[in-house]
Amino acid sequence: MEIDLYHPHSTKQPSKNALIDEFVLQAVELDDNTFNFTLNLDARRDSHPNFTASQIALQSYREKNFPDAPSCIDCALTDHILNPKELLRFTITREMAAAYCKEIGLKFFGKKWHDKTVIISI
């Protein structure tokens, strides 16, 4: 029996990206080889609408630049969007990428590979 990560008591098939959808607030490509994933560990995530990081950032921009504009988003996560705190960092090497591609049956273009840095923030 499969467990739906959104609704643990449900028996329907979970989304492939259910964990990502549940806990990753935003993913930002900092440059061609560096990626920052900001986690949403807010216990209230089920009690407020699921606004995207872009919607929260846009609302924060509007509030900063147009103080008379009405606020339509509860920006409880604004600080996490605009000022993420680094939790850990790791590098995905050529060897790791080659092993992963082999495992899932993809051709690996090693000559074009540049190591990737992944930053996990909260």
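Here a visitor asks about the reasons behind some labels, and a guide answers.

Visitor: What kind of model is this?

Guide: This is a predicted model, where local features need pLDDT of at least 70, side-chain atom pairs count only at pLDDT 80 or more, and totals for chains, interfaces and linings use all residues. Residues are numbered from 1 along each chain as its sequence is written, and side-chain values use heavy atoms, with hydrogens and water left out.

Visitor: Which elements does the protein chain hold?

Guide: The protein chain has four helices and four strands. Their order from the N terminus is α-β-β-α-α-β-α-β. Helices (H or I, at least four residues) and strands (E, at least two) are DSSP runs, numbered from the N terminus.

Visitor: What makes β1 and β2 a pair?

Guide: Two strands pair if DSSP finds at least two bridges between them. Six bridges join β1 (residues 24-31) to β2, and the two run antiparallel. One of the partners is L39 in β2, set against V24. A hairpin of two residues links β1 to β2.

Visitor: How do you know that β2 also pairs with β4?

Guide: Five bridges join β2 to β4 (residues 116-121), and these strands run parallel. The cut-off is at least two bridges, so they pair. N36 stands opposite I119 in β4.

Visitor: Which side chains of β2 are buried?

Guide: Along β2 (residues 34-39) the side chains alternate. T34, N36 and T38 point to one face and are buried. F35, F37 and L39 point to the other face and are not buried. Buried means under 20% relative accessible area, exposed over 50%, and partly exposed in between (1.4 Å probe, protein chains only). Of the 122 residues in the protein chain, 25% are buried.

Visitor: Why is the aromatic pair called tilted?

Guide: The whole structure has one aromatic pair. The ring centres of F108 and W113 lie 5.9 Å apart, with planes at 50°. Rings of Phe, Tyr and Trp (its six-membered ring) pair if their centres lie within 6.5 Å; planes under 30 degrees apart are stacked, over 60 edge-to-face, and the rest tilted. So F108 and W113 form a tilted pair.

Visitor: Why is W113 called buried, and F108 partly exposed?

Guide: W113 has a relative accessible area of 18%, under the 20% limit, so W113 is buried. F108 has 23%, between the two limits, so F108 is partly exposed.

Visitor: What sits over the ring of W113?

Guide: The charged end of K116 does, 5.1 Å from the ring centre. The charged end of K112 sits over the ring of F109, 5.9 Å from its centre. The rule asks for NZ of Lys or CZ of Arg within 6 Å of the ring centre and within 35 degrees of the ring normal.

Visitor: What makes the contact of R89 and E86 a salt bridge?

Guide: A salt bridge needs a side-chain nitrogen of Lys or Arg within 4 Å of a carboxyl oxygen of Asp or Glu. R89 and E86 meet at 2.8 Å, N to O, so they qualify. The structure holds one salt bridge. R89, at 49% relative accessibility, is partly exposed, and E86, at 45%, is partly exposed too.

Visitor: Why is K111 called exposed?

Guide: K111 has 85% relative accessibility, and the limit is over 50%, so K111 is exposed. K111 lies in the loop between α4 (94-104) and β4. Its C-alpha atom is 9.3 Å from that of R94, 17 residues apart along the chain.
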